[in-house]
Amino acid sequence: MTSARSPSWKWWITGLLLLATTINYMDRQTLSNAATRVTTEFQLSQEQYGDLELAFGWAFAAGSLMFGFLADRFRVYWLYPVVLCGWSLMGIASAHTEGYWQLLTCRVLLGFFEAGHWPCALKTTFALLEPKDRTMGNSVLQSGASIGAIVTPPMMIWLMTEDVSSWRFAFQVIGAIGLVWVVLWFASIRKTELDVAMPDDPARRENLWGILLGRRFWALAILIFGAQTCWQLFRVWLPKFMQEGRGYTETQALAFNSVYYIGTDIGCIAAGIISLWLARRFAISAHHARRRVYFGACLMTSCRRAGC
């Protein structure tokens with residue numbers, strides 16, 4: 001059935017996945033962008049704020065395993081909007097919390113549902129895009145993380161007033177955007193299209209322990225751990241550190257946050273373009289092209305940290 005669609009339709013769906021990634025990151029960024037306001041209103045210590053993000057991270061890890069399992073066994077057509085609704089409603093619910101424990105509960109559920117985005121999105125690109133286009137498609141999808149990080153600070157500046165509690169309205173508005181995405185998803189794709197493009201084959205399934213004990217899983221885990229540790233450190237603490245540790249105003253700190261993530265977005269798109277060029281120019285597989293780009297990025301990052 002997907003063969004009856006125009007090629008531009010597949011890239012429209014890829015654009016929807018980019019938007020989902022953007023919304024995903026906007027909902028998780030709201031707390032760090034309003035961290036000083038939230039900790040002031042709830043009288044939280046730095047340790048308690050750190051625990052909120054720690055709980056989010058553990059819930060995200062648990063959700064990644066759960067939704068990875070579910071995405072292999074249930075239609076993404078239905079699972080994906082459930083995931084979007086889940087984290088969007090938790091973002092909205094965060095605006096109505098009255099203390100640490102209520103907010104902690106919302107962050108745990110937010111992290112759990114947000115993790116479902118990635119297996120659903122990657123399964124969608126695998127189903128709709130040809131192998132030669134998946135690297136670029138996944139780069140477009142991934143770039144939504146930086147876009148979300150870029151647009152959230154100015155949105156928070158615009159939505160928050162001098163009233164300390166105005167962060168609640170910002171949480172509600174940003175959380176509601178995900179519900180709009182669900183409408184676009186159902187309007188853009190039929191429930192059988194992903195099934196036809198990627199049929200279920202029980203004979204090729206791997207059990208969970210087989211995946212966790214496999215060499216490929218641990219190779220990927222090491223790569224992700226190395227990249228995400230620094231990324232998440234800046235995501236969680238940069239706005240709060242600039243305001244409370246260096247005395248910048250809220251507007252200055254959030255504006256700098258946007259500029260920082262503009263650089264990461266340019267790098268994300270460039271990685272996809274370079275990978276695509278390497279694969280076509282030297283007739284190598286997309287996998288080997290990605291490995292070369294990743295190695296080059298790690299080398300440049302290491303040189304920068306070493307002061308080169």
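The legends below describe several close-up views of one predicted protein model.

**Notes for all views.** Because this is a predicted model, local features need pLDDT of at least 70 and side-chain atom pairs count only at pLDDT 80 or more, while totals for chains, interfaces and linings use all residues. Residues are numbered from 1 along each chain as its sequence is written, and side-chain values use heavy atoms, with hydrogens and water left out.

**View 1. The whole chain, built from 13 helices and zero strands.** Helices (H or I, at least four residues) and strands (E, at least two) are DSSP runs, numbered from the N terminus. The radius of gyration, taken over C-alpha atoms, is 20 Å, close to the 19 Å that the globule rule (2.2 Å times the number of residues to the power 0.38) gives for 308 residues, so the protein is as compact as a globular protein of that length. Along its principal axes the C-alpha trace spans about 55 × 50 × 40 Å. Of the 308 residues, 44% count as buried, where buried means under 20% relative accessible area, exposed over 50% and partly exposed in between, with a 1.4 Å probe and protein chains only. Of the contacts (heavy atoms within 4.5 Å) with a separation of 6 or more, 81% join residues 24 or more positions apart.

**View 2. Helix α2 and the helices that cover it.** Helix α2, residues 35-42, is mostly covered, with six of its eight residues buried. These are Ala 35, Thr 36, Arg 37, Val 38, Thr 39 and Phe 42, and they pack against α1 (7-33), α3 (46-71), α5 (100-114), α8 (167-188), α11 (215-245) and α12 (250-281).

**View 3. The largest nonpolar core, with 32 residues.** A nonpolar core is a set of buried Ala, Val, Leu, Ile, Met, Phe, Trp, Tyr and Cys residues joined through side-chain atoms within 4.5 Å. Leu 79, Tyr 80, Trp 181, Trp 185, Ile 189 and Leu 194 touch the most other members of this core. The elements that give two or more residues to this core are α1, α3, α4 (76-94), α6 (117-128) and α8, and the largest share, eight residues, comes from α4. Leaving aside neighbours within four places in sequence, Tyr 80 is in contact with Leu 17, Ala 20, His 117, Cys 120, Ala 121, Thr 124, Trp 181 and Trp 185. Apart from this core lies another, of 23 residues, among them Leu 31, Leu 44, Ala 95 and Phe 171.

**View 4. Two residues of helix α4, Ser 88 and Val 82.** Ser 88 counts as buried, at 0% relative accessibility, whereas Val 82 is partly exposed, with a relative accessible area of 49%. Not counting residues up to four places away in sequence, Ser 88 touches Asp 27, Gly 175, Gly 178 and Leu 179. Val 82 and Phe 171 are 89 residues apart in sequence and, C-alpha to C-alpha, 20 Å apart in space.

**View 5. Two loop residues with positive phi, Gln 43 and Ala 283.** Gln 43, which follows α2, is found in the loop between α2 and α3, and its phi is about 55° although it is not a glycine. Gln 43 is exposed, with a relative accessible area of 70%. Ala 283 has its place in the loop between α12 and α13 (286-305); its phi is near 55°, a positive value in a residue other than glycine, and at 71% relative accessibility Ala 283 counts as exposed.
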